[in-house]
Amino acid sequence: GQGLGHAPGGRVPGGVRVGQGDPGPDELWAVRPLWVRAGHLLVPSAVMLVWSLAVWGALVLRSGLGQGGAAGALALMVVSGIGWGAVALRSGFRRDPDFSMLIPTPLGAVPLGAGEVILSGPDAALLVCLPVAAAAAGFPVTGSLVTGQTVASGLALAWALRTGRER
């Protein structure tokens, strides 16, 4: 198997990716596109919340809880899980590369905007990963760390809800 690390980048955004490729069903909803996008966030956030509690929770518990105790660690994991759901949504709704314009390189032709497409998702993942990775590395779980995770997850969520809206 590819392990637990494959969940946030591959399997979870798969359903969202299908919705991005065929927007027809989404356009049938009688609500604003932002609410449809928020609906697409529910399943990835639920799955990634469980993933975050299992994976990051084990790492943080192993390194020690710090001042925040179990409540602080749980808050950190919950907010992290929501952020990872946003990362999955951002990855799933990223734009496809434009193959009509190719840039010749020594290694072959590269579609215009390929770098942007490749970085959409991992950029948010890095942002969401930093605070909880600090806790897993042994930094104490404090209110500041939970606040930092909340801000990082909130930014990833805002980013995810705006990704791919140019359709």
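**A tour of the hairpin and a salt bridge**

Start with strands S1 and S2, which form a hairpin with two residues between them. The model on screen is predicted. To find the hairpin, select residues 98-105 for S1 and residues 108-112 for S2; the two strands pair in the antiparallel sense over five bridges. Next, pick Asp98 and look across to S2, where the bridge partner of Asp98 is Leu112.

Now show the whole protein chain in cartoon style. The protein chain has eight helices and two strands. Followed along the sequence, the elements come in the pattern α-α-α-α-α-β-β-α-α-α.

Next, select Asp123 and Arg90 and show their side chains. Asp123 and Arg90 form a salt bridge, with the closest N and O atoms 2.8 Å apart. Colour residues 122-136, helix H7, and residues 69-92, helix H5: Asp123 lies in H7 and Arg90 in H5, so the salt bridge ties together parts that are 33 residues apart in sequence. The count of salt bridges comes to one.

Stay on this pair and switch on the surface. Is Arg90 buried or exposed? Arg90 counts as buried because its relative accessibility is 8%, and the cut-off for buried is under 20%. Asp123, at 25% relative accessibility, counts as partly exposed.

Finally, select the full chain with its surface. The accessible surface of the protein chain comes to about 9,300 Å², and 70% of it belongs to carbon and sulfur atoms. Of the 167 residues, 38% count as buried. Then look at contacts between residues at least 6 apart in sequence: 79% of these join residues at least 24 apart.

Technical notes. Residues numbered from 1 in each chain as written. Predicted model: local features only at pLDDT ≥ 70, side-chain atom pairs only at ≥ 80, totals over all residues. Heavy atoms only, no water. Pairing = 2+ DSSP bridges. Helix = DSSP H or I, 4+ residues; strand = E, 2+ residues; numbered from the N terminus. Salt bridge = Lys/Arg side-chain N within 4 Å of Asp/Glu carboxyl O. Buried < 20%, exposed > 50% of the residue type's maximum accessible area, 1.4 Å probe, protein only. Contact = heavy atoms within 4.5 Å. Areas by Shrake-Rupley, 256 points an atom, 1.4 Å probe, with all protein chains shown as cover.
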